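Thanks for passing this one along. Here are my notes, as numbered points to read beside the model.

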Amino acid sequence: MAYNQKEIYEQAKEAIEKNNLFFIEDVVAFIPCSRSTFYNYFPDGSDELDAIKEMLEQNKIKTKSSIRAKLYKSEKAA
């Protein structure tokens, strides 16, 4: 099956935004290609993979901040 690298990249970014994903494996589960194909298109150190990793990191930061804010405001210990 032939894949379009640009389409895969755009689908990956969309999946990250819509589903608040944290890990590359989660991204691959949402796009129509295998893990090996993903890494062939976006090898370690590529600009695209770096951008995807940055988006994932931003999701982690936002989620952690949100959880901490809720715990801080809560009167419950847990």
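1. Let me begin with α4, where the length can be checked: its 27 residues should span 39 Å at 1.5 Å a residue, and the end C-alpha atoms are indeed 39 Å apart, so the two values agree. The expected span is 1.5 Å times one less than the number of residues in the helix. Helices here are DSSP runs of H or I with at least four residues, strands are runs of E with at least two, and both are numbered from the N terminus.

2. A word on the ground rules. This is a predicted model, in which local features need pLDDT of at least 70 and side-chain atom pairs count only at pLDDT 80 or more, while totals for chains, interfaces and linings use all residues. Residues are numbered from 1 along each chain as its sequence is written, and side-chain values use heavy atoms, with hydrogens and water left out.

3. Now the overall picture. The protein has four helices and zero strands, and its elements run α-α-α-α from the N terminus on. The C-alpha trace spans about 55 × 20 × 15 Å along its principal axes. The radius of gyration is 16 Å, whereas a compact globule of 78 residues would come out near 12 Å; this radius is taken over C-alpha atoms, and the globule rule is 2.2 Å times the number of residues to the power 0.38.

4. How much of the protein is buried? Buried residues make up 26% of the 78 residues, where buried means under 20% relative accessible area, exposed over 50% and partly exposed in between (1.4 Å probe, protein chains only). Of the contacts with a separation of 6 or more, 61% join residues 24 or more positions apart; a contact here means heavy atoms within 4.5 Å.

5. Back to α4 and its buried side. Leu49, Ile52, Met55, Leu56 and Asn59 are the buried residues there, and the buried residues of α4 pack against α1, α2 and α3. Just ahead of this helix, Ser46 sits in the loop between α3 and α4. Ser46 has a relative accessible area of 12%, so it counts as buried. Its side chain reaches the backbone nitrogen of Leu49 at 3.2 Å. That is a polar contact, meaning a pair of N or O atoms within 3.5 Å; within protein, one must be able to donate a hydrogen and the other to accept it, and residues adjacent in sequence count only if both atoms are side-chain atoms.

6. Helix α1 (residues 5-19) passes the length check too: its 15 residues should span 21 Å, and its end C-alpha atoms are 21 Å apart. Ile8, Tyr9, Ala12, Ala15 and Ile16 are buried in α1. Seen down the axis, the buried residues of α1 fall within an arc of 125 degrees, so they line one face of the helix; the arc is that of the directions from the helix axis to the C-beta atoms. In general, an α-helix has 3.6 residues a turn, so residues three or four places apart point the same way. The face of α1 turned away from the buried side carries the exposed residues Lys6, Glu17 and Lys18.

7. What covers the buried residues of α1? The cover includes α2 (24-30), α3 (35-41) and α4 (47-73). Ile16, in helix α1, is a good residue to look at, being buried with a relative accessible area of 1%. Leaving aside neighbours within four places in sequence, Ile16 is in contact with Leu21, Val27, Ile52, Met55, Leu56 and Asn59.

8. Both ends of α1 are worth a look. At its start, a side-chain oxygen of Asn4 reaches to within 2.9 Å of the backbone nitrogen of Lys6. After α1 comes Asn20, whose phi is positive, near 50 degrees.

9. Finally, the aromatics. A search of the whole structure finds five aromatic pairs; rings of Phe, Tyr and Trp (its six-membered ring) pair if their centres lie within 6.5 Å, and planes under 30 degrees apart count as stacked, over 60 as edge-to-face and the rest as tilted. Tyr9 and Phe42 form a tilted pair, 5.9 Å centre to centre with 50 degrees between the planes. Tyr9 lies in α1 and Phe42 in the loop between α3 and α4, so this pair ties together parts 33 residues apart in sequence. Tyr9, Phe38, Tyr39, Tyr41 and Phe42 form one aromatic cluster.
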